[in-house]
Amino acid sequence: MKKYNYPIVKTLLDTDAYKLHMQQAVFFYYKNVNVVAEFICRGPNILGSYSHVLLDQINMMESLSLSNEEYLYMNSFPFFKKEYLHWLKNFRYNITQVKVNNYYGQLHIRITGLWKEVILWEVPILSLISEIFHKNHYPKVTPDIAVDYLNVKLKKFFNYTKNLDLSRLKIIDFGTRRRFSYDVQYSIIKRLKKQFPFLVGSSNYHISRILKLSPVGTQAHEWFQAHQQISSNLKHSQSLALKIWLCQYNNHLGIALTDCITMDAFLRDFNLSLSKSYQGMRHDSGDPIQWAEKALKHYTNLGIDPSTKTLLFSDNLNFKKIITLYRKFDKKINIIFGIGTKLTCDIPHVKPLNIVIKLVKCNGKPVAKISDSPGKMFCLDQEFMKSLFKAFNLPLKNIK
């Protein structure tokens, strides 16, 4: 097994934008909230043998801190507040929060602590697992090989779309968590920035900074999950999450994630006031065409012109899916595409990992993600899951 005597994650900003955006909101609204997060492998979990290498890398993260240059970069964005950035400059990863075990060949990870601290562990840990695994399984793969394959895909893309008006096409790199490696992600995004005019940003703050791209991201499922135990009324927890986000960011970062408790439940909570206040919605599970049609109908029924709103697609996209969705919805509403694994870990003969880290508890009580894709549903407590289904008027027959 490949050993490392150097840190793979070299900067605090080598993470997804939504983590820092959520962290600021947690910092101001939920300083003392405690959470538990756990690692989930949606395929065969044969990763236990990497636990020691992973733990070594996690220990190296203890010394990471925001540099002066990075602090000034963050301070250039109007939505970050100085009080938060000052705290972030003094932030250090607390490695005692992370427990990593090899359980009969399976990788088990549990992260416990204050939400404002735990929130930053997910993305670097997932990217570490992915890089450690892939470099051991595919040692001959280089960034040049990844870029060569990207060039093949781009040639097909341009041939396929030569008669299509792409003037409104916008694509974002969402590939940090499951990248083949940092070097592969950086090389691919650098290549796209140079030759692909439709790349408008990256979810990775570090890569955005050094390649002069726009960092993109709002909130993840954990924002809504935690509110299931923060809210005094489970039925209103999603509405509370949406309202608190607006209190923090007002006219900034206004794309709402829709599938923590299914799109249908989300739309019931996404009333006229919220629909007007948010810039748009993000898709992350279920059929994207059905989802978009529901969103369009929702805006139309509320008397909102869809052309003033944005839909961001981010579920398992590749270039072919992007063009299909672009053809169907470009004339109806503003659309953006966040492409992840199929961008930063799409290499011949390489099988990417399907791994996540999800909240399982908030303030000592269970939380859940229901989703519009059965395979993405998750909760450790069946009784709480039933309560959530009842609170949001979902059919109990869908509980596994």
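Begin by selecting Ile171 and Leu199: Leu199, in strand 5, is the bridge partner of Ile171. The model on display is a predicted one, and this tour moves from its sheets to its charged pairs and then to its nonpolar interior.

**The parallel sheet**

Extend the selection to strand 4 (171-173) and strand 5 (residues 199-202), which pair in the parallel sense over three bridges. Both strands appear in an open sheet of seven strands, whose order is 6-5-4-10-9-8-7 and whose pairing is parallel. To find the edges, select strand 6 (214-215) and strand 7 (255-257). Each of these has a single partner strand, so one side of each is left without a neighbour in the sheet.

**The antiparallel sheet**

Next, display the open sheet of five strands, with the order 2-3-1-11-12 and antiparallel pairing. Its edge strands are strand 2 (98-103) and strand 12 (365-366), and each of them pairs on one side only. Select strand 11 (residues 355-362) together with strand 12; the two pair in the antiparallel sense over two bridges. Within this selection, Cys362 stands opposite Lys365 in strand 12.

Now add helix 6 (residues 122-137), which lies across strand 1 (34-41), strand 2, strand 3 (106-114) and strand 11. With respect to strand 11, helix 6 runs at about 145 degrees.

**A network of charged side chains**

Side chains of opposite charge can pair when their charged atoms come close. In this model the count comes to 13 salt bridges. Remain at helix 6 and select Glu122. Which side chain meets that of Glu122 at 2.6 Å, N to O? The partner is Lys19, in a salt bridge. This pair links distant parts of the chain, for Glu122 is in helix 6 and Lys19 is in helix 1 (residues 17-29), 103 residues apart. Glu122 is buried, with a relative accessible area of 6%, and Lys19 also counts as buried, at 1% relative accessibility.

Select Arg177 next. The side chains of Arg177 and Glu122 meet in a salt bridge as well (3.4 Å, N to O). Arg177 lies in the loop between strand 4 and helix 8 (182-195), whereas Glu122 is in helix 6, so the pair ties together parts that are 55 residues apart in sequence. At 18% relative accessibility, Arg177 counts as buried. Add Glu222 to complete the picture: Lys19, Glu122, Arg177 and Glu222 are linked in a network of salt bridges.

For another pair, move to Lys331 and Asp330. These form a salt bridge in which the closest N and O atoms are 3.9 Å apart. Are its two members buried or exposed? Lys331 is exposed, with a relative accessible area of 71%, while Asp330 counts as buried at 5% relative accessibility.

**The two sides of helix 4**

Select helix 4 (residues 82-89), in which Tyr84, Leu85, Trp87 and Leu88 are buried. These four residues cover an arc of only 160 degrees around the axis, which puts them on the same side of helix 4. Turn the view to the other side of helix 4, where Lys82 and His86 are exposed. To see what the buried residues of helix 4 pack against, display helix 1, helix 3 (68-75) and helix 5 (115-118).

**The nonpolar core**

Keep Leu88 selected and add Trp223. Of the 139 residues in the largest nonpolar core, Leu88 and Trp223 touch the most other members. Helix 1 gives the most to this core, with seven residues.

Which residues surround Trp223 when those up to four places away in sequence are not counted? Trp223 touches Met22, Ala25, Val26, Tyr30, Trp115, Ala241, Ile244 and Trp245. Selecting these side chains with Trp223 displays the contacts in one view.

**A last stop**

Finish at Ser373, in the loop between strand 12 and helix 17 (382-391). Ser373 is buried, with a relative accessible area of 19%; this value meets the criterion for a buried residue because the limit is under 20%. Select Ser285 and Gly286 as well: leaving aside neighbours within four places in sequence, Ser373 is in contact with these two residues.

Conventions: Residues numbered from 1 in each chain as written. Predicted model: local features only at pLDDT ≥ 70, side-chain atom pairs only at ≥ 80, totals over all residues. Heavy atoms only, no water. Pairing = 2+ DSSP bridges. Contact = heavy atoms within 4.5 Å. Axes fitted to C-alpha atoms, helices over the stretch in contact; angles between N-to-C directions. Salt bridge = Lys/Arg side-chain N within 4 Å of Asp/Glu carboxyl O. Buried < 20%, exposed > 50% of the residue type's maximum accessible area, 1.4 Å probe, protein only. Arc of directions from axis to C-beta. Core = buried A, V, L, I, M, F, W, Y, C linked by side-chain atoms within 4.5 Å.
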